[in-house]
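Here is a set of questions and answers on the open and closed spaces of one model and on the molecule bound to it. Each answer sets a value against the rule that applies.

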Amino acid sequence: MSSSVTAYIDMAAMQHNLQVVKQHAPHQKILAMIKANAYGHQLENAIQGFAEADGFGLARIDEAICVRNLGVDKTILVMSGFYRAEDLPRIAEHDLSVMVHHFLQIELLEQATIERPVKVWLKVNTGMGRLGFLPSEVEAAYQRLQACSQADKPIIFATHFPDADEVAKPITAQQIQEFTHLTKAYSVETSLAKSAAILAFPDSYADWLRPGLMLYGASPFVDKTAAEFNLQPVMTLTAPIISIRQLPQGASVGYGGTWICPEDMPVGVVGIGYGDGYPRHAAAGTPILINGKIAPLIGRVCMDMLMVDLRGHEQVAIGDQAILWGKGLPVEMIAQQANTIAYELLCAVTKRVEFVTH
Ligand SMILES: *Cc1c(COP(=O)(O)O)cnc(C)c1O
């Protein structure tokens, strides 16, 4: 066990979660989403853990080049594409696939002088309202790309869901229907599904799946746990107990004096804070796992430390390791306590945290 804040990365859990995707959709290709440093799990680990994926999805060109330079020879898709002419030679040189979602990009492709054509995914906005051609623009965009020798063929069509985690809302089924209808006119491969759709909307599978969060062992649904889907948490974030003190009834704990000891009680200090990526807005009562037993967070989270209520934990000693999330304590639960989502917590783990794979 390390003496500092450590994120343990379970490589077997990564492989297992990828198999769960394959069990849901055995005939589809998988683009493992590893943007934002693989949702905070580090690119090298993800490339190894998801070695059986058919490709990787990243947000930015620099991230994608980094993955290519790590020796990956599969499809690497830049989800946000490009918006500057000077990026096209780099994209071609590293054989990246790019999302084309705007006529400006088509113009840049038409004008480019590049060493080889660029692989293109055409993004359709069916309700996300972020990147993508409107359904009414798709025909024009497709025809120009077909005629553009700098765009490699065949072109793949993609769309994205804003609400697939809210299964009762009608929008996802409507998007699937509209996109399927729209793309039927072209004999192209298509891609719709992120994690929530893989778990809840089998009609969305098409040709390429784009799982992110579920590969890291977290659930995209507020009302369903990862365990219910047989997913295993990949990251376990730990930190040592660095102090235990008996405080008297009425003593104030932490900045702002937001927590007052209701009786004489042991207060533990765990050596992790928002400077490591633990959320400052985690509410008092947020669970922390110490020697297999839950202890509640008390007071405000500090930059490098946080305090726990150790009543009923008489056996805990300085140097023991606390689990902040991971095995035995889902990151989704911490996210809920901090008014955020698991995605944000995983991405927010900072550079000073030590990473150990096992
Ligand atoms: C991040 C992302 C995904 C993966 O979403 P998850 O909910 O993490 O599975 C899929 N598609 C696009 C376009 C994304 O940006």
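**Pockets, a cavity and a ligand**

Q: What makes up the lining of the second largest pocket, by class?
A: In this predicted model, that lining has 5 nonpolar, 3 polar and 5 charged residues. The pocket is lined by 13 residues, and Arg-60, Ile-61, Ser-80, Gly-81 and Tyr-83 lie nearest its centre. Its space comes to about 220 Å³.

Q: Why is Gly-81 counted as polar and Ile-61 as nonpolar?
A: The classes are fixed by residue type: Ile is on the nonpolar list, and Gly is placed among the polar residues, so Gly-81 and Ile-61 fall into those classes.

Q: What is the volume of the largest pocket, and which residues are closest to its centre?
A: The volume is about 1,100 Å³. Of the 40 lining residues, Tyr-39, Lys-194, Leu-213, Ile-341 and Tyr-343 are the closest to the centre. The lining divides into 22 nonpolar, 8 polar and 10 charged residues. Helices H2 (35-39), H9 (195-200), H10 (331-337) and H11 (342-347) each supply at least two residues of this lining.

Q: What does it take to say that the ligand sits in the largest pocket?
A: More than half of the ligand's atoms must lie within 2 Å of the pocket's grid points. The ligand is found to sit in the largest pocket, so that condition is met.

Q: Why is the pair between the ligand and Lys-35 called a polar contact?
A: An oxygen atom of the ligand is 2.6 Å from an N or O atom in the Lys-35 side chain. The cut-off is 3.5 Å, so the pair counts. A nitrogen atom of the ligand is 3.4 Å from an N or O atom in the side chain of His-160, which is also within 3.5 Å. The protein covers 93% of the 380 Å² of accessible area that the ligand has on its own.

Q: Which residues around the ligand are the closest?
A: Lys-35, Tyr-39, Ser-195, Leu-213 and Tyr-343 are the closest of the 13 residues that surround the ligand. By class, this shell has 6 nonpolar, 3 polar and 4 charged residues.

Q: What makes a space a cavity and not a pocket?
A: In a cavity a 1.4 Å probe fits but cannot get out, whereas a pocket is open. The structure holds 1 cavity of 30 Å³ or more. The largest cavity has a volume of about 30 Å³, and its lining residues include Lys-123, Arg-130 and His-160.

Note on methods. Residues numbered from 1 in each chain as written. Predicted model: local features only at pLDDT ≥ 70, side-chain atom pairs only at ≥ 80, totals over all residues. Heavy atoms only, no water. Near = heavy atom within 4 Å. Polar contact = N/O pair within 3.5 Å; in protein donor to acceptor, adjacent residues only side chain to side chain. Areas by Shrake-Rupley, 256 points an atom, 1.4 Å probe, with all protein chains shown as cover. 1 Å grid on protein atoms, 1.4 Å probe; cavity = no way out; pocket = protein on both sides within 12 Å on 5 of 7 lines; lining within 4 Å. Points joined across faces, edges and corners; volume = space filled by probe spheres on them. Helix = DSSP H or I, 4+ residues; strand = E, 2+ residues; numbered from the N terminus.
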